[in-house]
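I opened this entry to keep track of what I looked up, item by item. The structure goes in first, and my notes follow.

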Amino acid sequence: MTRFGKHPDSDAADLGAEALHGAVADAGIDPRLIEAAYVGHVFQGMVTGQRVLAQVGLAGLPLANVENACSSGATAIREASLAIRAGEHDVVIAIGTEHLTSKFRGALTPDPSDPEAAVGATMPSVYAMRARRYMEEFGMTREQLALIPVKNKSNAARNPLAHFRKEITVEDVLESRPIADPLRLHDCSPVTDGAAAVILMSDKAAKQHSNGRAVKLAASALRTGTVDVEPASMTFEPLTWATAQDAYERAGIGPEEVDFAEVHDCFSIAEVLRVEGLGLFKQGDYPSAVERGDANIEGRLPINPSGGLIGKGHPLGGTGVAQVVEIVRQLRGESGDRQIEGPRVGLAHCRGGKAVGIEGAACTVQILVR
Amino acid sequence: MSASAVGVSFRPGELEVRPDGTGNQLGSRCSACGAHFFPVREACSGCLSDQLETVRFSTEGTLYTFSIVRQSTPAFEVPYALGYVDFPEGVRIMGQISGIDLDEIKIGMPMVLSLEPFGEDEEGNPLTGYRFRPAEGN
Ligand SMILES: [Zn+2]
């Protein structure tokens, strides 16, 4: 993957190409072994995937561009895995890329045709309302919530590819610019450029070509939200729960066996909702678990060791693939200063997109095993 | 057209504004199972029936949660309060909150629909939109 951050001198195709070269070099394969490509991106325009492959001279492959909001990159991985499971291909690349700083400055807003956008909804305000409700129902304090960006930016400070490399304190969070009460600037993921790529192989191809460092993708689940018949609780995520159940069942691995997770912390409160929706922590328990250090890299169940979206950055299309890159490196023991001790099972979770009346647009859960 | 400042609904499919200044939010009711949806839908996600009728929702509900928005798009002047109100039909609708100091807003407050000026159309004619305000006597 590329460094995440601001890349004023390159575009989404440059970043995607850099990520592709990195993945090929890591796998130690001849790039001509790649039989197909899936490329996730959101705001980069038509055929960005083709522009990536053109940069590296790979021509003629079947390629599909994938858009699923913040789950675009993760969906590209799932599509690649399906092509292999279907027996159609043996070596497939999944790329996620986004040059977001050239498209957005401040908060991303939902599509203006959305009835909620029409009355003033912004992405942070929707999560702010969920945070307010969670505080009311479970007694979470503002200081407890601040510990999540503190943790994630501390992890990011140990990640050379992260957007933010500076540790922060609870006071820094509470004194940062208010965005949508109770959320402040440090509660929000930044506008980031970046790309990541992974190479997926069939068992047969892995025996032949992998350099012994491959890890197993045990499950790659995808769901879209349902239209609510009754208003759903905004402090629990049935979509995350259902997608996770699909993944646990497919992998034959339960939440109690997960050693660490990369989850979609687009906002501090989102990390709470996600880990509880995944069944990794009981509902209402996560804020005090973070306070005890359970979610730290050295803790019982590290969450977002890469720095997460808040610390590492959130280049929409790149995000889901970068999560899997982090999990692969952690499982191989190649994560340097932020290495978790001896993990066997890692889980990646993405969700994104907003459509009124739907709990969430797209959600993915992937489970990787050493 | 009455002499009042009542304009055209900012989104006629979602908000009915009548000449006398009253109005309702519009949605769908499933004739087969009774489920309600906002905004109007083509089919029921509960039972998949396509026998849906457009209905007016009640104008009184309860504040489920809220936020004070401090940063927004150029179309909205900050700060403003935004909330979700639960209505008896079983729908939750987002809207801005008016008629109360921003630091007085609380989860669980009874709220009523309030038709208010809400921007202009492309020719500069005033549009009417909705906000939610605390119910009288609250
Ligand atoms: Zn129905």
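I start with a cut-off I need below: a residue is buried under 20% relative accessible area, exposed over 50%, and partly exposed in between. By that rule Arg133(B), at 32%, is partly exposed. I also note that this is a predicted model.

**Arg133(B) and its partner**

I looked up the salt bridge of Arg133(B) and found Glu116(B), with the closest N and O atoms 3.5 Å apart. Glu116(B) sits in strand S9 of chain B and Arg133(B) in strand S10 of chain B, so this pair ties together parts 17 residues apart in sequence. Glu116(B) also meets Arg131(B) in a salt bridge, at 2.8 Å from N to O. That pair links strand S9 (residues 110-120) with strand S10 of chain B, across 15 residues. Glu116(B) is buried, at 12% relative accessible area. Arg131(B) is buried as well, at 18%.

**Other salt bridges**

I searched the whole structure and got 28 salt bridges over all chains. In chain A I checked Glu334(A), which forms one with Arg332(A), the closest N and O atoms being 3.1 Å apart. Both residues are partly exposed: Glu334(A) has a relative accessible area of 36%, and Arg332(A) has 24%.

**Interface of chain B and chain A**

I counted the contact as 35 residues from chain B and 38 residues from chain A. The buried area is about 2,900 Å², and carbon and sulfur atoms give 59% of that. Which salt bridges cross the interface? The rule finds 1, between the side chains of Arg70(B) and Asp181(A), at 2.8 Å from N to O. For polar contacts between the two chains I have 15 residue pairs. On the side of chain B that touches chain A, the elements giving two or more residues are strands S4 (36-37), S6 (60-69), S7 (80-87) and S8 (91-97) of chain B. S6(B) gives the largest share, 6 residues. By class I list 17 nonpolar, 12 polar and 6 charged residues on that side.

**Aromatic pairs**

I got 10 aromatic pairs over all chains. In Tyr134(A) and Phe138(A) the ring centres are 4.7 Å apart and the planes stand at 45 degrees, so I enter the pair as tilted. The two are 4 residues apart in helix H5 (residues 123-138) of chain A, which means a separation of about one helical turn. Is each of them buried or partly exposed? Tyr134(A) is buried, at 0% relative accessibility, whereas Phe138(A) is partly exposed, at 30%.

In chain B I took Phe10(B) and Tyr130(B), an edge-to-face pair with 6.0 Å from centre to centre and 70 degrees between the planes. Phe10(B) lies in the loop between strands S1 (8-9) and S2 (15-17) of chain B and Tyr130(B) in strand S10 (residues 126-134) of chain B, so the pair ties together parts 120 residues apart in sequence. Phe10(B) is buried at 16%, and Tyr130(B) is buried at 3%. Both belong to one aromatic cluster with Phe87(B), Phe118(B) and Phe132(B).

**Arg274(A)**

My last item was Arg274(A), in helix H10 (residues 268-277) of chain A. Arg274(A) counts as buried, at 0% relative accessibility. A polar contact of 2.9 Å joins its side chain to that of Tyr127(A). Leaving out residues up to four places away in sequence, I list among its contacts Arg130(A), Glu237(A), His264(A), His349(A) and Arg351(A).

Terms used. Residues numbered from 1 in each chain as written. Chains lettered and ligands numbered in written order. Predicted model: local features only at pLDDT ≥ 70, side-chain atom pairs only at ≥ 80, totals over all residues. Heavy atoms only, no water. Contact = heavy atoms within 4.5 Å. Buried area = accessible area lost by both parts, 1.4 Å probe. Salt bridge = Lys/Arg side-chain N within 4 Å of Asp/Glu carboxyl O. Polar contact = N/O pair within 3.5 Å; in protein donor to acceptor, adjacent residues only side chain to side chain. Nonpolar A, V, L, I, M, F, W, Y, C, P; charged D, E, K, R; others polar. Phe/Tyr/Trp six-rings, centres within 6.5 Å; stacked < 30°, edge-to-face > 60°. Buried < 20%, exposed > 50% of the residue type's maximum accessible area, 1.4 Å probe, protein only.
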